[in-house]
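Student: I'd like to zoom in on one part of this model rather than skim the whole thing. Could you pick a helix and walk me through what surrounds it?

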Amino acid sequence: MSQTWFQHTFNRKRFRTRNQATAMAILGVAVLLLLGGLYLSQVASFAITNRGIEDLISRRDQLKRQNEQLVGEIASFRTVPRLYARAVEIGFRPAANSDIDYLLIEGYNPQRGYAQLERSVSIPLEEAAPVYAQTFSAWLEQQFTLLRDQFDSFGE
Amino acid sequence: MQGPSPQKSIIQARLPFVAVFLVLMAAYLVINLANFQFFPRSVRQELEKIGSSVTNTTLRVPAERGLIFDRDGEPLAFNIVQYRLGVSPALVANDEALMKDLAAILDINEFDLFRKISSENVWEFIAGPISAEQGQAIAALDEISLGLEEIPKRFYPQGTLAAHVIGIVLDEGLVGSLGVEGAYNDTLSGRVLDLSISNVPFYLPEDRPSEQRGKDIVLTLDRDVQFWVESELRAAVEEFKAYRGTVIVMDPRDGDVLALANYPTMDPNRFLEIEDPSLLENPAVQDAYEPGSIMQVLTVASALETGTISPYWTYNDTGQLEVGGQKIYNRHFQAHGTADAATVLIRSLNAGAATIGLEMGTAQFYSMMRAFGFGQPTGVGLFAEVPGELKIPGDTNWSESYLGHNSFGQDLQVTSMQLITAFSALANDGIMRQPRIVRQVIGEAGVEEARPTTVRRVVSAETAAIVRDMMIRVVREGASGGFIRGYTIAGKPGTAWISTAVGQEYGEHSSIVTFVGAVPAYNPQAVILVKLDRPNEYYGYAVTPQVFKRIADRLVILLEIPDDDVRNRLEAAKTDISTDGR
């Protein structure tokens with residue numbers, strides 16, 4: 001009786017070496033490794049940049065807080081009672097009405113104005129973000145430089 | 001030939017069934033796999049959320065509260081950061097060294113500190129809130145076991161100055177209360193932002209909304225005027241041993257509140273230490289009171305406007321009048337015989353005001369009182385402003401005697417802000433401007449200008465001028481303490497008794513005295529309201545004109561208002577210039 005497909009399957013004990021397939025598999029693995037390496041390098045570079053940004057944000061916030069602290073101190077030094085006391089100390093006195101001479105100035109608006117404050121407006125994201133104009137060859141060159149720098153740093 | 005063994009036969013017989021079963025199972029799995037790709041959105045989002053919770057963290061970006069400035073750009077309120085300090089004792093490498101470092105920075109007991117640092121607990125709170133300098137010094141230690149948490153704090157560099165106008169912020173800098181902080185909380189507070197940050201790979205999103213920060217506010221307050229007003233008010237409250245006092249300065253031409261002071265006041269930087277909770281109220285807009293005889297001015301103005309009386313109107317003053325079964329008396333029960341409307345104001349004749357009120361009738365009188373803004377909030381832009389109380393015919397408990405009493409400012413409740421707004425309308429030729437405390441709102445998009453707006457014309461320019469002339473006579477003949485050398489002043493003092501359940505209070509400290517004056521009387525540039533609660537003098541004319549004078553004396557210099565003589569000469573010179581130039 002001829003062998004059934006089941007027996008045929010179980011009876012095959014030897015595998016033939018296929019050089020071409022093996023080479024392809026090795027090449028595939030090598031390509032995957034290369035891509036994986038590049039991906040990891042890219043992710044590492046990305047993470048390092050973002051950590052740098054985080055540090056800069058943290059530093060910016062710290063400077064901002066120090067600045068606010070200084071603004072607070074300046075404002076405290078400029079309170080009216082303090083200025084008044086200091087003015088008296090150095091010999092000034094409040095002006096009486098009789099001390100004041102009024103002049104007629106043509107074009108002068110006697111209506112009291114008020115300060116036109118302007119907040120330091122943050123730059124819109126479109127303006128702040130760098131324009132992406134990198135070519136593929138430039139990117140490859142950048143990756144190569146990064147890789148070389150990493151090797152250089154290992155050697156140090 | 002020997003056939004297959006029985007075991008093989010069984011296997012061969014069952015194999016197709018197994019194969020079919022496996023094929024069905026595989027098909028089932030493939031179908032499920034396909035189905036998995038097309039989950040309902042909610043389920044997919046939930047799964048994505050679970051997935052991202054592993055790789056993402058949420059960063060809370062606090063909303064920076066907008067700042068508050070006076071009209072000249074001096075900061076009145078801004079933000080600082082304080083810190084709360086804690087320690088993870090298990091991570092401390094050197095207890096003693098850390099203890100010494102922290103004790104030197106925080107100036108706290110070393111023993112307590114050591115107990116916390118060497119505790120068995122996972123986390124120990126050490127101190128807070130601590131100052132920014134201390135926080136930065138601790139951060140510089142670069143100690144991994146220490147945790148510094150930022151606490152936003154509102155700081156008021158001017159201390160008590162304009163405390164009730166600016167207000168306070170509760171809940172670690174998040175919720176404004178009282179004053180502008182409370183009224184404009186939504187504008188100032190901004191939006192707290194939760195940013196989702198990827199940890200794998202680490203990525204900080206850049207798409208933060210630009211309108212996250214709160215908007216800045218510029219007030220109409222003049223810091224210098226506010227300071228002088230507060231100084232004089234404090235002196236007046238102490239001199240006349242009053243329970244408390246309020247002063248408001250308003251520019252009648254545009255409704256700008258230049259100064260608003262209450263005494264006693266509080267320090268918004270230390271409001272948690274306040275023992276008397278009434279200090280956290282702004283009496284200028286939250287305390288409605290019976291204004292007393294100062295209202296006679298508005299009764300006369302209303303009567304002139306409605307044509308009930310003319311400037312030549314007179315009546316026979318017997319010193320008393322019965323209205324709705326209740327008797328109304330003049331001050332000291334004096335009778336003045338034939339008296340005109342100006343005399344009613346100069347002598348502060350309650351019977352005269354009630355007579356005018358009765359002649360007007362309820363419809364006209366209450367219609368004019370509503371037009372002057374009583375019984376409704378002014379909308380000045382301060383927290384928790386009350387409408388006061390103006391009972392009209394048809395309201396519960398209103399009786400005929402109310403008309404008589406209301407004519408000279410009793411049996412109705414008004415706020416100081418309502419009073420000064422009404423008098424500012426008279427000073428501004430009968431046009432009532434919307435009182436306002438906020439002049440600009442500054443956001444990322446730019447500056448929003450709050451333009452002066454007109455509420456309504458309450459009386460005609462002619463009526464306003466006639467009443468102003470009467471008020472000038474009041475200052476010259478009835479309240480000479482309010483006279484300022486070189487300036488014509490229009491004003492009126494008023495005294496209100498304090499009602500009780502069985503009548504009114506008597507004796508010392510049993511009245512509320514008010515003075516409202518406009519400077520200069522012709523073309524007024526400032527209206528000043530002075531109010532003292534329970535001073536040691538009963539009558540307003542003996543107290544408030546002096547306080548008004550002291551404030552106005554300085555105000556004309558700060559606001560650069562020349563005296564009458566100079567203004568007349570300047571006007572004449574202007575006329576010459578324009579004539580020559582023609």
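Tutor: Sure, let's take helix α17 of chain B, which covers residues 461-478. Keep in mind that this is a predicted model.

To place things roughly, chain B is assigned two domains: domain 1 (82-151) and domain 2 (288-555). The centres of domain 1 of chain B and domain 2 of chain B, taken over C-alpha atoms, are 61 Å apart.

Start with the length of α17(B). It has 18 residues, and at 1.5 Å a residue it should span 26 Å; the C-alpha atoms at its ends are 24 Å apart, so the two values agree.

Next, which residues of α17(B) are buried? Here's the list: B:T463, B:A464, B:I466, B:V467, B:R468, B:M470, B:M471, B:V474, B:V475 and B:G478. And what covers them? The cover includes the helices α11 (296-306), α12 (341-346) and α16 (416-427) of chain B, along with the strands β21 (490-497) and β24 (511-519) of chain B.

Let's follow one of those, α11(B). In general, a pair of packed helices is described by the angle between their axes and the distance between those axes. For α11(B) and α17(B), the axes come within 9 Å and cross at roughly 145°. That crossing is right-handed. On the α11(B) side, the contact is made by B:V297, B:V300, B:A301, B:L304 and B:E305, while α17(B) brings in B:T463, B:I466, B:V467, B:M470 and B:M471. Sort the residues of this contact between α11(B) and α17(B) by class and you get eight nonpolar, one polar and one charged. Now look back at the buried list: B:T463, B:I466, B:V467, B:M470 and B:M471 of α17(B) are in it too.

Now swing round to another neighbour of α11(B). It also packs with helix α13 (residues 350-360) of chain B, at an angle of about 35° and with the axes 10 Å apart. This time the crossing, between α11(B) and α13(B), is left-handed. The residues involved are B:Q296, B:T299, B:V300, B:S302, B:A303 and B:T306 of α11(B), and B:A353, B:I356, B:G357, B:E359 and B:M360 of α13(B). The contact of α11(B) with α13(B) divides into five nonpolar, five polar and one charged. B:V300 is worth a click: it takes part in the contact with α17(B) and in the contact with α13(B).

How well covered is α13(B)? Mostly: nine of its eleven residues are buried. They are B:N350, B:A351, B:G352, B:A353, B:A354, B:T355, B:I356, B:G357 and B:M360. Just past the end of α13(B), B:G361 has a positive phi of about 85°.

On the other side of α13(B), back towards α12(B), there's a loop between α12 and α13 of chain B, and B:S348 lies in it. Most residues other than glycine have a negative phi, and most peptide bonds are trans. B:S348 is not a glycine, yet its phi is positive, about 50°. It is buried because 26 other C-beta atoms lie within 10 Å of its own, and the cut-off is 20 or more.

You can find a similar case elsewhere in chain B. B:A162 has a positive phi of about 55° and isn't a glycine either. Its place is the loop between β5 (146-155) and α6 (163-166) of chain B. With 30 C-beta neighbours inside 10 Å, B:A162 counts as buried.

Finally, go back to β24(B), one of the elements covering the buried residues of α17(B). The peptide bond from B:V519 to B:P520 is cis, with omega near -15°. B:P520 sits in the loop between β24 and β25 (526-533) of chain B. There is also a cis peptide bond between B:Y263 and B:P264, with omega about 5°. B:P264 lies in the loop between β12 (256-263) and α10 (283-286) of chain B.

So that's the tour: begin at α17(B), step across to α11(B), and carry on to α13(B).

Key: Residues are numbered from 1 along each chain as its sequence is written. Chains are lettered from A and ligands numbered from 1 in the order in which they are written. This is a predicted model: local features need pLDDT of at least 70, side-chain atom pairs count only at pLDDT 80 or more; totals for chains, interfaces and linings use all residues. Domain bounds come from an automatic or database domain assignment. Helices (H or I, at least four residues) and strands (E, at least two) are DSSP runs, numbered from the N terminus. The expected span of a helix is 1.5 Å times one less than its number of residues. A residue is buried if 20 or more other C-beta atoms lie within 10 Å of its own, exposed if 12 or fewer, and partly exposed in between; C-beta atoms are placed from the backbone. Two residues are in contact if their C-beta atoms, placed from the backbone, lie within 7 Å. Axes are lines fitted to C-alpha atoms, for helices over the stretch in contact, and angles run from 0 to 180 degrees between N-to-C directions. A crossing is left-handed if the near helix is turned anticlockwise from the far one by less than a right angle, and right-handed if clockwise. Ala, Val, Leu, Ile, Met, Phe, Trp, Tyr, Cys and Pro count as nonpolar, Asp, Glu, Lys and Arg as charged, and the others, Gly among them, as polar.
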